[in-house]
Amino acid sequence: MRKIIRMLAVIASASAALAVPLTAGSAHADPVVPLADPSSPAPAAVSAPLTVEDVLRLNPAAKPAGPNRVEIADGLFLLLPVKPGSDAVGASLAASCAYKNLCAWEHSDMTGYGLAWEKCGEYNLGGARYPDGAWVGTGASGPKWNDRLSSEINNQTPGRRAEFYNWEGHWQQVFWTYAYDRRANFAIDKRMDNGGQLNDIIDMVKPC
C-alpha cells in the first residue's frame, strides 16, 4: 500500500512539472531577437531632390528657367525631378524637354535629374558636377555627370542628329539619334559601333 501511495506521489509531481509554462530560457522557447547594437550606424536618410533655389545657391552661375529647369551653362539646362503625383509622362515631361532641345536623364523612363541642350557644341560631362550641374572642370573632386545617362528625347528640329561619346583613351562615338527620337531605357539599347553596353557610359554629348 505504501509503495502504491509513493508511486502516485511521483506521478503527481511529474505532472505538475509538465504543467509549468516554458520560459525564455527553455530549449523550446521562441528565440529572443537581440536588440540592435547602439554603436551601429543608422541607415542613411534619402536626400530630397534639389529645388531651383538649391541649384542657384550651389551654382552661382546658374539662372532660373522654369519651375523645374535651370540654365547651368550657355545653352545647357539642368532638369529637376518632377514632383510625385504630377503628370510625369505627359505635360510636365514635354515641358521639361522643350522643342528644339536634346534631353537626357540619369534613369530610365526620363526620371531623376536630367540635362537639356538647346545649342550645338561639344559638352564634356566630366566637367559638370552632379547633381547641381556646376561647371567645375574635370580636375575638381566630387561626382560628375559622365557615365550617368540612361534615357533621352531628341526633340530638336526634325532630322537633326545628336551624337553621344564614350572616353576610351580617345572620344569614341557610341550612339547617335535623329530628331524626333525617344529612348526610354539605354539598358535595352546597344552601342551603335560594336553592339556593347550603352547604359551609363556616355561621357560627352554633341547635340548637333
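**Exercise 1. Fold layout**

Which pattern of α and β does the protein follow when read along the sequence?

*Solution.* The model is predicted. Start with the element count: the protein has 3 helices and 11 strands. Now put them in sequence order. The pattern is α-α-β-β-β-α-β-β-β-β-β-β-β-β.

**Exercise 2. A four-strand sheet**

Find the strand order of the open sheet of 4 strands, then identify its edges.

*Solution.* The order is 6-11-8-9, and the pairing is antiparallel. Strand 6 and strand 9 (171-178) each have a single partner strand, so they stand at the edges and one side of each lacks a neighbour in the sheet. Next, look at one pairing. Strand 8 (residues 161-167) and strand 11 run antiparallel and are joined by 3 bridges. Take F164 as an example: its bridge partner in strand 11 is V205.

**Exercise 3. Disulfides**

How many disulfides does the protein have, and which pattern do they follow?

*Solution.* Step one: apply the cut-off, with cysteine sulfur atoms within 2.5 Å. The count is 2 disulfides.

Step two: take C97 and C103. Their sulfur atoms lie 2.2 Å apart. The link is right-handed, with 100 degrees about the S-S bond. C97 is buried at 3% relative accessibility, and C103 is buried at 0%.

Step three: take C120 and C208. Here the S to S distance is 1.8 Å. The link is left-handed, at -110 degrees about the S-S bond. C120 sits in the loop between strand 5 (111-117) and strand 6 (123-124), and C208 in the segment after strand 11 (204-206), so the pair ties together parts that are 88 residues apart in sequence. C120 is partly exposed at 44% relative accessibility, and C208 is partly exposed at 31%.

Step four: count the bonded cysteines along the chain. The pattern is 1-2, 3-4.

**Exercise 4. Salt bridges**

Sort the R57–D54 and R69–E118 salt bridges by where their partners sit in the chain.

*Solution.* Begin with the principle: side chains of opposite charge can pair when their charged atoms come close. The whole structure holds 10 salt bridges.

R57 and D54 have their closest N and O atoms 3.3 Å apart. They are 3 residues apart in helix 2 (residues 52-58), so about one helical turn separates them. R57 is exposed at 57% relative accessibility, while D54 is partly exposed at 21%.

R69 and E118 meet at 3.8 Å, N to O. This pair links distant parts of the chain: R69 is in strand 2 and E118 is in the loop between strand 5 and strand 6, 49 residues apart. R69 is buried, with a relative accessible area of 9%. E118 is partly exposed at 41%.

Two further entries complete the exercise. R183 and D189 form a salt bridge at 3.6 Å between closest N and O atoms. R183 is partly exposed at 23% relative accessibility, and D189 is buried at 16%. Salt bridges also link E168, R191 and D193 in a network.

**Exercise 5. Burial and surface**

Is P67 buried or exposed?

*Solution.* Locate the residue: P67 lies in the loop between strand 1 (63-64) and strand 2 (69-73). The cut-off for exposed is over 50% relative accessible area. P67 has 80%, so P67 is exposed.

Now set the global figures beside it. Buried residues make up 35% of the 208 residues. The protein exposes about 12,400 Å², with 60% of it supplied by carbon and sulfur atoms.

Definitions and conventions. Residues are numbered from 1 along each chain as its sequence is written. This is a predicted model: local features need pLDDT of at least 70, side-chain atom pairs count only at pLDDT 80 or more; totals for chains, interfaces and linings use all residues. Side-chain values use heavy atoms; hydrogens and water are left out. Buried means under 20% relative accessible area, exposed over 50%, partly exposed in between (1.4 Å probe, protein chains only). Helices (H or I, at least four residues) and strands (E, at least two) are DSSP runs, numbered from the N terminus. Accessible areas come from the Shrake-Rupley method with a 1.4 Å probe; for residues, only the protein chains shown count as cover. Two strands pair if DSSP finds at least two bridges between them. A salt bridge is a side-chain nitrogen of Lys or Arg within 4 Å of a carboxyl oxygen of Asp or Glu.
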